[in-house]
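Visitor: I would like to learn how to read the features of a model like this one, a few at a time. Where should we begin?

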Amino acid sequence: MLDINMQKGKILVTGGAGYIGSHASLVLLEEGYEVVVLDNLINASQEALRRVEHIAGRSLTFIKGDVRDRACLDQLFSEHDIYAVIHFAGLKAVGESVAQPLAYYDTNVGGSLTLCRAMDAAGVFRLVFSSSATVYGPDAPVPYHESMPRGSTSNPYGTSKSIVEKTLEDISHSDKRWSIVLLRYFNPIGAHPSGRLGEDPQGVPNNLLPFIAQVAVGRRQTLTIFGNDYATDDGTCVRDYLHVMDLAEGHVGALGRLNLAGLHIYNLGTGKGVSVLQMVEAFERVSERPIPYQFAPRRDGDLAAFWADAQKAEQELGWRARRGLDEMIADTWRWQCKNPQGYCANAKERGAKS
Ligand code: NAD
Ligand code: WQD
């Protein structure tokens, strides 16, 4: 059991039942933090949190609620002495955001504003926000560095992240009590090494790794590779993939930065690019399964290649991505094999989309 001296502050994790939030909640519990998760389960299952508690050997507090619900937030802050908030809750499918911009601005922007108002009223001024490399926009030179300005984004999802970033920047300038960390994630993949926590997309996966994993396990027949005519070494797009456990650990580093007022921005990536074809070859090697694929035209909005300049996080947070590509794939594959249908035994707990 945890030594009482290890007890640290209470962290509110919004969206803590989701892919990244569940891994981060686990790492927080293992680091001795108390965790309160607020999630409406629109894209998650409470089963993930049961597994988090089981792996950690500690319990957390789960509140099923919406980050846009001010009364729910006020009650939460009155009942829990929250040290800091890590705000993962949001919608994240780029294509869906083009079709449903209102839902994306409502949840991602509206939810963040409501959260900040409730924090202000409760006197909680420490916030870590899940942002994305997408805010650099299509014209930024690689590698992306935090000193570069935000660019224009081509979809409501990306724009919602930029709007929240800018709002938080303005809040931090207006009131010196705020300490805010913006974490710009690159491409998180992988799963907890136990194979019990992982990414559980609904329907056809939008992202590369879940799709490859479902082909490897036989749930889908063929991977479609969007574009082989990019100006990259093999013609396919290049991304900076990082292990979700490294990403989760980055949030603990970010909490350490919240003793400094103001706004602090960090890329969380490996600093290395991997092409789609390199990923397919590596997955075939690690899983010892064939990944049949076909080429198709480019996907709207995809950029040819980007990766992080990851030095600032190392220098200021003491964080760097430690796990390599084979480990990311092996952990994805273990999760996929152990949970071929995801957390679906509990799928009824999901929200409106189920
Ligand atoms: P996810 O969908 O697995 O997790 C998001 C969680 O938020 C889910 O559990 C969902 O049920 C919950 N949620 C959604 N709307 C809510 C609301 N109104 N109130 C309460 N809970 C709500 O996504 P993820 O991959 O874990 O992403 C977490 C965060 O990181 C998101 O903000 C996302 O935009 C950001 N991000 C993700 C990636 C990525 O590739 N996964 C990259 C960059 C940034
Ligand atoms: C990676 C590469 C695809 C699926 C997205 C969001 C970004 C961030 C992370 C949240 C691309 C190719 C994919 C497939 C393919 N999310 N691909 N066949 O597009 O870099 O980033 O997720 O913040 O904002 O845009 O990740 O995994 O979708 O794609 O060929 O079936 O794989 O074209 O080159 P992306 P991805």
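Guide: With the residue classes, since the ligand shells are sorted by them. Ala, Val, Leu, Ile, Met, Phe, Trp, Tyr, Cys and Pro count as nonpolar, Asp, Glu, Lys and Arg as charged, and the others, Gly among them, as polar. On that basis the shell around ligand 2 divides into 10 nonpolar, six polar and three charged residues. Keep in mind that this is a predicted model.

Visitor: How many residues surround ligand 2, and which are the closest?

Guide: Ligand 2 is surrounded by 19 residues, and the closest are Tyr-157, Leu-208, Thr-224, Arg-239 and Asp-302.

Visitor: Which elements supply at least two residues each to the shell around ligand 2?

Guide: Helix 7 (208-216) and strand 8 (223-226) do. Strand 8 gives the largest share, four residues.

Visitor: What polar atoms of the protein lie by the oxygen atoms of ligand 2?

Guide: Take the side chains before the backbone. A polar side-chain atom of Arg-239 is 2.5 Å from an oxygen atom of ligand 2. From the backbone, an N or O atom of Leu-208 lies 2.8 Å from an oxygen atom of the ligand, and a polar atom of Asn-206 is 3.4 Å from an oxygen atom of ligand 2. On its own, ligand 2 has 690 Å² of accessible area, and the protein covers 88% of this.

Visitor: Strand 8 came up in that shell. How do I read the side chains along a strand?

Guide: In a regular strand, side chains alternate between the two faces of the sheet. Strand 8 shows this alternation: Leu-223 and Ile-225 point to one face and are buried, whereas Thr-224 and Phe-226 point to the other and are not.

Visitor: Which strand pairs with strand 8 over four bridges, and in what sense?

Guide: Strand 13 (residues 293-296) does, in the parallel sense. Within this pairing, Thr-224 has Gln-294 of strand 13 as its bridge partner.

Visitor: Now ligand 1. What does its shell hold, by class?

Guide: The shell around ligand 1 has 12 nonpolar, 10 polar and five charged residues. Those 27 residues include, as the closest, Ile-20, Asp-39, Asn-43, Phe-88 and Tyr-157. Tyr-157 is also listed among the closest residues to ligand 2.

Visitor: Which side chains have an N or O atom 2.6 Å from an oxygen atom of ligand 1?

Guide: Asp-39 has one at that distance, and so does Tyr-157. For the side chain of Lys-161, the distance from an N or O atom to an oxygen atom of ligand 1 is 2.9 Å. The protein covers 95% of the 810 Å² of accessible area that ligand 1 has on its own.

Visitor: Which element gives the largest share of the shell around ligand 1?

Guide: Strand 5, with three residues. Helix 1 (19-30), strand 5 and helix 6 each supply at least two.

Visitor: Why is strand 5 said to be largely enclosed by the rest of the structure?

Guide: Count its buried residues, where buried means under 20% relative accessible area. Six of the seven residues of strand 5 (residues 126-132) are buried, so the strand is largely enclosed.

Visitor: What pairs with strand 5 on the sheet?

Guide: Strand 4 (residues 82-87) pairs with strand 5 in the parallel sense over three bridges, and His-87 stands opposite Phe-129 there. Strand 6 (residues 179-185) also runs parallel to strand 5, and seven bridges join them. Ser-130 has Leu-183 of strand 6 as its bridge partner. Strand 5, helix 6 (residues 156-174) and strand 6 make a right-handed β-α-β unit.

Visitor: Is the charged residue Arg-184 buried or exposed?

Guide: Arg-184 has 2% relative accessibility and so counts as buried. Arg-184 sits in strand 6, and its side chain is joined to that of Tyr-136 by a polar contact of 3.0 Å.

Visitor: What should I look for in the backbone of the loops?

Guide: Look for cis peptide bonds and for positive phi outside glycine. The bond from Val-142 to Pro-143 is cis, with omega near -5°; Pro-143 lies in the loop between strand 5 and helix 6. Leu-41 has a positive phi, near 60°, and lies in the loop between strand 2 (34-39) and helix 2 (46-56). Glu-288 has a positive phi of about 55°, in the loop between helix 9 (276-287) and strand 13.

Visitor: Leu-41 and Glu-288: which is buried and which exposed?

Guide: Leu-41 counts as buried, at 1% relative accessibility. Glu-288 is exposed, with a relative accessible area of 70%.

Technical notes. Residues numbered from 1 in each chain as written. Chains lettered and ligands numbered in written order. Predicted model: local features only at pLDDT ≥ 70, side-chain atom pairs only at ≥ 80, totals over all residues. Heavy atoms only, no water. Buried < 20%, exposed > 50% of the residue type's maximum accessible area, 1.4 Å probe, protein only. Pairing = 2+ DSSP bridges. Right-handed = clockwise from strand over helix to strand, strands pointing away. Near = heavy atom within 4 Å. Polar contact = N/O pair within 3.5 Å; in protein donor to acceptor, adjacent residues only side chain to side chain. Areas by Shrake-Rupley, 256 points an atom, 1.4 Å probe, with all protein chains shown as cover.
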